[in-house]
Amino acid sequence: MNRSPTFSVKSEPELKVDERSLQQWVVAFCIIRFDLEQGQLIEECYPPGCLSQNEELEVAFSSFPDSVSQHHNRSSIHDCIFFFRTRRKQTSRVENVALSDIVEVDNNEASQKPTSAGVLNQRSRNIHSVNSKYLYGFVFNRQRHDERLKRGGEQNSVVILSHSPYSSVFRPLLQIMGPLYFDVGKKALNYIAAYVSTWPTPIPGQLMELPIGNAVLKVNLPPSHSLPSDNGVFFEDSASSLAPLLPSNQSVPHGLFHDSDLFGAFRGLLMQLWKLWELLLIGEPILIIAPTPPQCCEAVSGLVSLVAPLLCSIDFRPYFTIHDPEFAHLNSLPDGASFPPMILGVTNLFFLKALRNMPHIVSVGSPASNSSRFAMGSRAPIGGNPAGHEGFNLQRLSLRKLAPANFLNAVKLRRDGPLCLMTEHKEAIWTNYAAVTKPDTSILNRLVDAGMSPRVEESMSVVNNDILRRHFLELTTNFLAPFGPYFRASTPSEGSSPFADPPPLPSFNTEEFLTSLSARGPGKFLLKRMRSNWLELYRRFLKGHNFLPWFQRKRAVAEQEQYKLWRQASINTNIHQLISKMSELEIVDSFNAIERQLLGEMQYGRANADTEVVCQKLKKDLQAVFNILPKDVQQLLIMNPEKAALLEENHECSNLTERTLVSNDVISTSSPS
């Protein structure tokens with residue numbers, strides 16, 4: 001699951017870097033050293049000058065563990081991989097349609113604006129902007145312990161900065177780049193940058209083959225509907241993503257961080273996953289504390305992946321430190337004030353005191369874990385026979401939970417609160433939230449416990465992650481299913497004009513939706529798994545921070561799909577058959593509708609490969625409609641300069657075509673046989 005790709009540097013004398021192509025994937029490569037006197041120092045940053053001074057400081061502080069690991073030999077080398085997310089202070093103008101221009105939604109009603117073909121054409125373009133609200137830093141950290149060195153060791157970090165949360169790409173890339181840097185030094189940055197700049201443009205939701213030296217990274221990118229909207233990227237979504245139905249192909253990713261070790265991160269809290277799913281669904285603030293950065297990163301990314309295919313719109317920080325500028329704001333919140341919706345992954349126990357009013361605190365991980373991935377822990381297996389790879393014994397789990405000793409421990413844990421972690425790390429959750437969804441014991445019974453063998457443990461974790469992710473994908477998809485009718489694109493009815501503006505999508509009203517849902521129910525799948533107050537979960541979801549951005553984006557995609565359907569229908573229409581059954585007034589309306597579509601296609605349709613052909617077809621249709629209108633109506637229409645120009649242009653094209661045909665005919669008849 002976490003095998004390092006083999007790699008050797010090709011013997012080219014000079015590798016050239018295409019910085020423009022590089023920016024599609026990477027903002028910068030950094031080498032950061034921990035200096036005993038000056039602290040964290042960025043020794044190299046390529047390309048130079050791409051970060052502001054404040055950004056350099058934030059990146060440097062976020063690229064080291066809060067403390068040196070003590071759980072290995074004092075003369076050993078300890079490597080780990082983790083990642084962080086930090087807010088960028090300066091963002092440039094985004095060159096795509098803002099979500100607020102796509103659909104208007106307030107607390108009570110979501111209604112669609114009339115949308116021109118031009119705006120829809122703009123939306124249908126694949127726009128990739130490098131302007132982002134957040135920066136993702138993927139870190140390969142090496143701690144070298146040596147008693148001969150000052151303070152007994154040294155620390156260095158190799159960092160890849162990107163606007164995109166492509167953990168499936170940058171984790172394996174770091175497994176190559178990190179050791180390479182410590183082998184060949186700073187020239188490793190140029191090697192890797194040169195290879196990355198040859199990569200094709202990232203295509204969300206696709207399997208990509210990315211060459212790096214003599215190796216090839218085969219990675220699945222997360223789908224476009226799961227990418228945060230803050231980075232100014234509006235990728236074209238496919239029609240299949242419109243309806244919230246369970247995807248037929250579950251082997252491809254359906255959300256962010258599909259490669260995270262969900263089972264490993266929450267192995268000690270599996271029964272709590274359904275409660276955590278709800279908390280993330282409704283956008284509640286959550287503090288996750290773990291012994292090491294890799295463990296808290298795995299837990300945060302695992303939580304985000306739990307709500308796929310829902311767009312996770314709340315802020316999430318896989319590794320958050322006290323040096324982050326936003327910590328000062330969080331630390332200054334008065335008692336009783338609400339925390340902003342966010343997931344914070346931390347390792348510093350100081351946060352337990354500084355953010356003591358955080359409503360939901362989760363403790364994960366084991367202090368003895370050393371791997372760059374979250375290890376499975378050193379405690380005895382929970383039920384089952386290690387040699388036989390049996391499933392978790394839920395009956396034994398339930399009995400243990402009800403045992404007097406465990407009951408007293410649970411009471412003590414709740415009484416002491418999260419501050420008990422200051423003396424001893426425990427896997428636990430502190431929250432007053434009462435979950436609506438019941439844990440699915442049939443899913444837990446299918447999980448495999450591999451015991452203590454690391455190699456078998458790793459392969460079994462892949463199986464368990466797949467089981468859990470499939471279940472929560474089905475759970476989220478069924479939860480979102482009642483919203484499906486609001487994203488349903490229509491097609492022109494038989495006999496109607498496809499040149500008219502498409503009808504608006506069904507309007508959305510919160511109270512009407514809840515009343516209708518209460519009457520018909522959420523469906524059998526959810527009714528079996530939720531308590532009687534399931535409607536309250538929908539109510540909280542509608543008020544939370546995840547609903548509106550998800551709903552807006554889905555409406556935009558539905559609108560785009562509807563535009564495509566109507567555009568294709570207008571291309572396929574036989575204009576003579578259509579207008580033969582129309583009244584004079586309807587024919588005039590058709591003329592105006594075709595004119596609007598033609599102008600929109602000419603102005604905004606450049607991104608479509610068939611724009612020129614479509615324009616020619618629409619011009620011919622416009623002329624055909626014009627020709628059957630009464631003379632007085634024709635005279636009235638050509639008094640408008642814009643209409644006259646379109647008709648004259650089409651007339652000239654027709655005459656030119658006729659003259660060309662006549663000329664060719666003359667040449668052919670006069671040529672010697």
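This note walks through the fold, one sheet and the salt bridges of a predicted model.

1. **Overall make-up.** The chain holds 24 helices and 15 strands. It has 673 residues, and 52% of them are buried. The accessible surface is about 31400 Å². Carbon and sulfur atoms account for 52% of that surface.

2. **Contacts across the sequence.** Take the contacts between residues at least 6 apart in sequence. Of these, 78% join residues at least 24 apart. Two of the salt bridges below also link parts that are distant in sequence: one spans 239 residues, another 256 residues.

3. **The five-stranded sheet.** An open sheet is built from 5 strands. Their order is β11-β12-β10-β13-β14, with mixed pairing. The edges are β11 (315-317) and β14 (428-430), each of which pairs on one side only. From one strand to the next, the twist averages 10 degrees.

4. **A parallel pair inside the sheet.** Strands β10 (residues 286-289) and β13 (residues 361-363) run parallel and are joined by 3 bridges. For a landmark, look at L287: its bridge partner in β13 is I361.

5. **The helix on the sheet.** Helix α9 (residues 293-306) packs on this sheet. It touches β10, β11 and β12 (342-346). The directions of α9 and β12 make an angle of about 160 degrees.

6. **Strand β3 and its partner.** β3 covers residues 77-87. Is this strand mostly covered or mostly open? It is mostly covered, with 8 of its 11 residues buried. β3 runs antiparallel to strand β6 (residues 134-145), and 11 bridges join the two. One point to check on screen is I81, whose bridge partner in β6 is F140.

7. **Salt bridges in general.** Side chains of opposite charge can pair when their charged atoms come close. The model contains 20 salt bridges. Three of them are described below.

8. **E326 with R87.** The side chains of E326 and R87 form a salt bridge, at 2.6 Å from N to O. E326 belongs to helix α10 (residues 325-331) and R87 to strand β3, so this pair ties together parts 239 residues apart in sequence. R87 has a relative accessible area of 26%, so this residue counts as partly exposed.

9. **D324 with R317.** Are the two partners of this salt bridge buried or exposed? D324 has 10% relative accessibility and is buried. R317 has 0% and is buried too. The closest N and O atoms of the pair are 3.0 Å apart.

10. **A shared network.** The two salt bridges just described do not stand alone. Shared partners join R85, R87, D315, R317, D324 and E326 into one network of salt bridges. The network reaches strand β3 through R87 and helix α10 through E326. Residues D315 and R317 in the network fall within edge strand β11 (315-317).

11. **R540 with E284.** A further salt bridge joins the side chains of R540 and E284, at 3.8 Å from N to O. R540 sits in helix α18 (residues 534-543). E284 sits in the loop between α8 (273-281) and β10. The pair therefore ties together parts that are 256 residues apart in sequence. R540 is partly exposed, at 32% relative accessibility.

12. **Where to look.** For the sheet, begin at the parallel pair β10 and β13, then move to α9 packed on the sheet. For the salt bridges, begin at E326 and R87, then trace the network that includes R317 and D324.

Technical notes:
Residues numbered from 1 in each chain as written. Predicted model: local features only at pLDDT ≥ 70, side-chain atom pairs only at ≥ 80, totals over all residues. Heavy atoms only, no water. Pairing = 2+ DSSP bridges. Helix = DSSP H or I, 4+ residues; strand = E, 2+ residues; numbered from the N terminus. Axes fitted to C-alpha atoms, helices over the stretch in contact; angles between N-to-C directions. Contact = heavy atoms within 4.5 Å. Salt bridge = Lys/Arg side-chain N within 4 Å of Asp/Glu carboxyl O. Buried < 20%, exposed > 50% of the residue type's maximum accessible area, 1.4 Å probe, protein only. Areas by Shrake-Rupley, 256 points an atom, 1.4 Å probe, with all protein chains shown as cover.
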